[in-house]
Structure formats: structure tokens, C-alpha cells
Amino acid sequence: MPSPALLSVDLNALARNFHTLEAVTGAPVHPVVKADAYGLGAKACATRLMAEGARTFFVARVDEGVTLRAALGDAPTIYVLDGCHGGGAGVLKAADLRPVLNQPRQMQAWAEAGGGACGLQIDTGLNRLGFRPEDAPAPFEGLSLVMSHLACADEPDQPMNQRQRDAFAAAAARYPGITRSLANSGGCFLGRDYSFDAVRPGVCLYGGGPQGRPDGRIAAVATLTAEVLQVRDVKPEESIGYSRGFLADRPVRAAVIAAGYADGVMRAYGQSGAAWIAGEIRPLLGRVSMDVCTIDVTGLEVTVGDRVELFGANRSLDEAAAAAGTISYELLTAVSNRVPRAYVGRYDRS
């Protein structure tokens, strides 16, 4: 039986976003495909991006890199942002993965395993992974990338962006001839002086706006839909859902749809959630359950089997995330594995 919930991934829109980011930044785009390409399927997304010209990818975990290497073959360069952890060096080498080294113990582990091509992360203010600029090592054999990560790229007026850019430029100057990368998705839109030699977008490739809100330059890639399971009439003073989450003050026509928090529909939607159905954006009613949620379809022609869009071209990813009090990154990665992925557009690798 086909699943009543479905995540459609438009690979043509993914390709358009890739080329948009190339044009905006004037730099090679090295896609971030960690967390299974933000939940959309790393094999399908990276295969299409390779066809569009991508030659370098970033993942977070070693296991993600191993899986991606098996899917893509020998051609692309794959960096692992977590770096090199002790016994992981052998796995990295076997799969021809490049660790992004973040601290001295990782450098030692990589050197003891024989070294080779790798990246180096300089922490310019995010205080997450990486060497402080004053502690960064001298140039060494095998270094192929020096990078940093912006903390406030989705806030263009935040002074920290320029401070980080300047700190990175100064630190990267210690490594002449080595590829430099600073800009994430938001950073791609801060100006070309943030582009350096390569950019590393993630969410903008997959349809999220660079400032956490819809942006006309970024096409919708992912569409989460679910079928209507039942349509019912709710009388005044009757309630809908657990804990009487919605109390009707009028006659309401309600559609129960086959998607809940086990599918990735945030329980936090509460009274703020909405979905697109029958040509209109309509509010969710009551609490989101594990497997279903309910939508107000009063006055609409809706029947069992109709499809409802939780986010996509008609209900933007960023708007849906804001309604849940979260960000597009979480909304995408929250779509569970029980929701099948269907791909639109060319994806040739078997």
C-alpha cells in the first residue's frame, strides 16, 4: 500500500538553487549533504548536484561519508566535519575521506595514521569546533582546505559577520595556496568578500531562505503532503484532539490528515500551525497527534483522499518552521523515515 504521507523532492529545483548560489557568490559551490542531505536523501541530491558540476561535498559524520562514497564512486572529494577520532582514521582512509581537523588530538591521530589530504577549521567566534586563530598550527603536508563557520550569517546587519570575516582572512593568510572557505548558506548572500575560494551552502540548496524567511531567489525543493483520512462536522462546544486542544465556538468542518509528529509534523504547532488544502492556507485545529493532525476545512470542497501540503511551493518551508517556533533546518530533518521520498527530475544513478 502506498504511504498516505509523502515527501516529494524536486531535483530540478535543487539544481536551480545550486546555480543561483554559484551566480550570487561567484565561487565554486561545495554542497553540505550531512544528515542525509537535510533529510531529503544524500544519494539522490548529491548525484544530481554532481551532474550540475559539484565536485566537493561536506558531511558531518564518518559513517555519512562512507555511505556517500559508496553512492557516488571515486570522483568527488568528501570532507568530514567531525574530523578524525582515534580509530576512525583507518575508516577515513579506506573510504578516501578527508577529515576537517579541529584540535591537536585529531591532528595527532591523523598523522599517526599516515596523514594525507585533510582540512583545517579555524574558530573565528562561533566557539564550536576548530582551533582558535592564535593556536592554529603552522602549514603542514596534506592540508587542502582551511575553513571557518559564521555564527550570525542569517543576520546581515550583525557586526560579528565582518569581525569573523576579517579574522578568517588573517588566519587563512598563513596558508598560502590552500583553498579557503567561510560562507554557509546565509554567508553566500553577505557579499562576495565572504566567498573566498569556495562556499559551503546547506539549507539554501534545499529550499530554505538565507535569513530564515522566504526568498524569491531560492526555489522550493521539498514538499511534505498527506492524505485526508476523514472529514467530519464538529458542533459548537465540542472539542478536537487531546486535552481539548481546540474548542469549537461555531460549526466547523474538520479534515483529519495522515501526518503527525511521528512523521515530522511538529507538535509545537499547537494553534499556530497551518497547511495548504483546496487552494487555501487553513489552520490546524487542536494538538498534533503521533500519526494525525486536524485542519479546518469549513466552506471548502474536501473529501477523503485529497492531499494536504504541510510545506512546499504553496506553504513555504520557512513559514511553516516559524509557525512551529523553529527553523527550516529542523523541519526538514524532522521528517521521519516512515515517510517515503519521491524524486522529481533527473536522478540516474541506480
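Is Asp 197 buried, partly exposed or exposed? The legends below describe close-up views of a predicted model, and the view of Asp 197 and Arg 180 comes first.

**View 1. A salt bridge joins Asp 197 and Arg 180.** The closest N and O atoms of the two side chains are 2.9 Å apart. The pair links distant parts of the chain, 17 residues apart. Arg 180 belongs to strand 7 (179-181), while Asp 197 lies in the loop between strand 7 and strand 8 (222-234). Asp 197 has a relative accessibility of 30% and so counts as partly exposed. Arg 180 is also partly exposed, with a relative accessible area of 28%. Both values fall between the 20% limit for buried and the 50% limit for exposed.

**View 2. A salt bridge connects the loops that hold Asp 82 and Arg 61.** The side chains of Asp 82 and Arg 61 meet at 2.9 Å, N to O. Asp 82 sits in the loop between strand 3 and helix 5 (88-94), and Arg 61 in the loop between strand 2 and helix 4, so the salt bridge ties together parts that are 21 residues apart in sequence. Arg 61 is partly exposed, because its relative accessibility is 46%. A search of the whole structure gives 14 salt bridges.

**View 3. Strand 2, helix 4 and strand 3 form a right-handed β-α-β unit.** Strand 2 covers residues 56-59, helix 4 residues 62-72 and strand 3 residues 77-80. The two strands run parallel and are joined by 4 bridges. Thr 56 has Thr 77 of strand 3 as its bridge partner. In a regular strand, side chains alternate between the two faces of the sheet. Strand 2 is covered on both faces: Thr 56 and Phe 58 are buried on one side, and Phe 57 and Val 59 are buried on the other.

**View 4. Helix 3 packs against helix 4 and helix 1.** Two packed helices are described by the angle between their axes and the distance between the axes. The axes of helix 3 (residues 42-51) and helix 4 come within 10 Å and cross at roughly 55 degrees. That angle makes helix 3 oblique to helix 4, and the crossing is right-handed. Helix 1 (residues 11-25) packs with helix 3 at an angle of about 50 degrees, their axes being 10 Å apart. Helix 1 and helix 3 are therefore oblique to each other. Their crossing is right-handed.

**View 5. Strand 14 pairs with strand 11 in the antiparallel sense.** Strand 11 comprises residues 252-257, and 4 bridges connect it to strand 14. Ala 255 has Ile 295 of strand 14 as its bridge partner. Both faces of strand 14 (residues 293-296) are covered. Cys 293 and Ile 295 are buried on one side, and Thr 294 and Asp 296 are buried on the other.

**View 6. A network of salt bridges links Asp 249, Arg 250, Glu 280, Arg 282 and Asp 296.** Within this network, the side chains of Asp 249 and Arg 250 meet in a salt bridge of 3.9 Å, N to O. Asp 249 is exposed, with a relative accessible area of 62%. Arg 250 is partly exposed, with a relative accessible area of 34%. Asp 296, another member of the network, is one of the buried residues of strand 14.

How values were computed. Residues are numbered from 1 along each chain as its sequence is written. This is a predicted model: local features need pLDDT of at least 70, side-chain atom pairs count only at pLDDT 80 or more; totals for chains, interfaces and linings use all residues. Side-chain values use heavy atoms; hydrogens and water are left out. Buried means under 20% relative accessible area, exposed over 50%, partly exposed in between (1.4 Å probe, protein chains only). Two strands pair if DSSP finds at least two bridges between them. A crossover is right-handed if, with the strands pointing away from the viewer, the path from the first strand over the helix to the second runs clockwise. A salt bridge is a side-chain nitrogen of Lys or Arg within 4 Å of a carboxyl oxygen of Asp or Glu. Axes are lines fitted to C-alpha atoms, for helices over the stretch in contact, and angles run from 0 to 180 degrees between N-to-C directions. Angles under 35 degrees count as roughly parallel, over 145 as roughly antiparallel, 65 to 115 as roughly perpendicular and the rest as oblique. A crossing is left-handed if the near helix is turned anticlockwise from the far one by less than a right angle, and right-handed if clockwise.
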